[in-house]
Each structure stands twice: as C-alpha cells, then as structure tokens.
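Dear colleague,

I am passing on the structure we spoke about, with the sequence beside it. Below it you will find my notes, which you may like to read with the model open.

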Amino acid sequence: REIADLSAEVRGVVAQVDWTRHLSHDVVLDIVRQLVPEAYAPDEIIQMSGSMILIQRGVAAVGSRIISRGDVYGQYDILMETRSLIDTRCPWTMSFVELLKLSKKDLVLVARLHPEADR
C-alpha cells in the first residue's frame with residue numbers, strides 16, 4: 001500500500017479525475033489497482049466501450065481535441081447510465097501510445113466493495 005500511495009498513477013488519477021477527490025484514499029487505491037496498461041501503434045483506434053483512459057505516453061485525437069501524456073478521457077462518461085449522454089467517439093492514435101484503462105465493470109466492482117463511495 002505504501003508503494004502504491006507514492007505511485008504516479010495514484011497522483012495522476014487524483015489530479016486529473018475530479019470525482020475521485022471526495023473518495024477515501026482506500027477507494028482511490030482500489031480504483032488504481034483496476035487500471036489495465038495498454039499500448040497502441042500510430043493510426044489505431046482506442047476502443048473505449050464504457051471506459052476511462054489515462055494517457056501515459058504518446059498523442060491521440062478525439063474529434064478536434066488532442067490528448068497526450070497526463071490527460072484523461074472518458075472520466076465523466078464512465079459514470080453515465082443514460083446512453084444518449086455518453087460520448088461514443090473513440091480516440092485515434094497519432095503516435096505510439098501507452099495508457100491505463102479503467103472499465104466501467106471494474107469501477108462498479110470497486111463501488112460494490114465500498115458502498116459509501118457509490119453516490
């Protein structure tokens with residue numbers, strides 16, 4: 001736990017995903033444990049399917065928005081239940097991209113472990 005507390009992933013999630021700021025430290029650590037690393041080559045589509053991504057390296061585009069190291073995409077859509085409110089666009093890689101992905105399924109799992117966080 002002490003090592004995870006110091007990790008760049010924990011700091012990145014708390015800094016970039018504003019809805020984590022009111023969560024307990026244990027909940028944030030459990031969310032970070034669910035992050036899955038993925039890598040993409042240039043000119044690939046990052047399939048989101050109800051997920052949130054944290055870019056670690058590289059550059060991608062979503063519509064006219066450029067996302068790069070330290071950026072998060074999908075942080076609000078992962079919380080949505082109403083499909084018509086969810087942005088279904090998927091990022092397109094402009095270079096080699098390394099990212100961490102959190103699926104909605106894994107976020108729900110953490111919420112079940114911490115009912116106080118599921119508000």
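**Salt bridges**

Asp-87 counts as partly exposed, at 28% relative accessibility. Please keep in mind throughout that this is a predicted model. The side chain of Asp-87 meets that of Arg-89 in a salt bridge, with 2.9 Å from N to O, and Arg-89 is likewise partly exposed, its relative accessible area being 44%.

That pair belongs to a set of six salt bridges found in a search of the whole structure. Another of them joins Lys-101 to Glu-38, where the closest N and O atoms are 3.4 Å apart. Because Lys-101 lies in strand β7 and Glu-38 in strand β1 (residues 36-40), this pair ties together parts that are 63 residues apart in sequence. The two partners differ in their surroundings, since Lys-101 is buried, with a relative accessible area of 11%, whereas Glu-38 is partly exposed, with a relative accessible area of 25%.

Strand β7 also takes part in a salt bridge through Glu-98, whose side chain meets that of Arg-57 at 2.9 Å, N to O. This pair, too, links distant parts of the chain, with Glu-98 in strand β7 and Arg-57 in strand β2 (residues 51-57), 41 residues apart. Glu-98 counts as partly exposed, at 34% relative accessibility.

**The three-stranded sheet and Thr-93**

Turning to the strands, one open sheet is made of three of them in the order β4-β3-β6, with antiparallel pairing. Its edge strands are β4 (65-68) and β6 (92-93), each of which pairs on one side only. Strand β3 (residues 59-62) pairs with β6 in the antiparallel sense over two bridges, and within this pairing Ala-60 stands opposite Thr-93 of β6.

Is Thr-93, in strand β6, buried or exposed? Thr-93 is buried, because its relative accessible area is 0%, and the cut-off for that class is under 20%. If neighbours within four places in sequence are left aside, Thr-93 is in contact with Tyr-40, Ala-41, Pro-42, Asp-43, Glu-44, Ile-46, Val-59 and Ala-60. One of these contacts can be described in more detail: a polar atom of the Thr-93 side chain lies 2.8 Å from the backbone nitrogen of Glu-44.

**Gly-70 in its loop**

Gly-70 is placed in the loop between β4 and β5 (72-73), and at 33% relative accessibility it counts as partly exposed. Not counting residues up to four places away in sequence, Gly-70 touches Gln-16 and Ile-55. The C-alpha atoms of Gly-70 and Ile-55 are separated by 5.6 Å, although these residues are 15 apart along the chain.

**Helix α4**

In helix α4 (residues 104-113) the buried residues are Asp-106, Leu-107, Val-110 and Ala-111. They lie on the same side of α4, because they cover an arc of only 145 degrees around the axis. As background, an α-helix has 3.6 residues a turn, so residues three or four places apart point the same way. The buried residues of α4 pack against α3 (25-33) and β7 (97-103), while the face turned away from that buried side carries the exposed residues Lys-105 and Arg-112.

**Nonpolar cores**

It is a general tendency of soluble globular proteins that nonpolar side chains are buried together. In this model the largest nonpolar core has 18 residues, of which Trp-19, Ile-31 and Met-52 touch the most other members. The elements that give two or more residues to this core are α3, β2, β7 and α4, and among the contributors α3 gives the most, with four residues.

What does Met-52 touch, if residues up to four places away in sequence are not counted? Its contacts are Val-17, Trp-19, Val-72, Tyr-73, Gly-74, Gln-75, Ile-78, Leu-100, Lys-101 and Leu-102. Among these is Lys-101, the buried residue that forms the salt bridge with Glu-38.

A second core, separate from the one just described, has eleven residues, including Tyr-40, Ile-46, Met-48 and Ile-55. Some of these names have appeared above: Tyr-40 and Ile-46 are in contact with Thr-93, and Ile-55 is touched by Gly-70.

With best wishes

Definitions and conventions:
Residues are numbered from 1 along each chain as its sequence is written. This is a predicted model: local features need pLDDT of at least 70, side-chain atom pairs count only at pLDDT 80 or more; totals for chains, interfaces and linings use all residues. Side-chain values use heavy atoms; hydrogens and water are left out. Two strands pair if DSSP finds at least two bridges between them. Buried means under 20% relative accessible area, exposed over 50%, partly exposed in between (1.4 Å probe, protein chains only). A polar contact is a pair of N or O atoms within 3.5 Å; within protein, one must be able to donate a hydrogen and the other to accept it, and residues adjacent in sequence count only if both atoms are side-chain atoms. Contact means heavy atoms within 4.5 Å. The arc is that of the directions from the helix axis to the C-beta atoms. A salt bridge is a side-chain nitrogen of Lys or Arg within 4 Å of a carboxyl oxygen of Asp or Glu. A nonpolar core is a set of buried Ala, Val, Leu, Ile, Met, Phe, Trp, Tyr and Cys residues joined through side-chain atoms within 4.5 Å.
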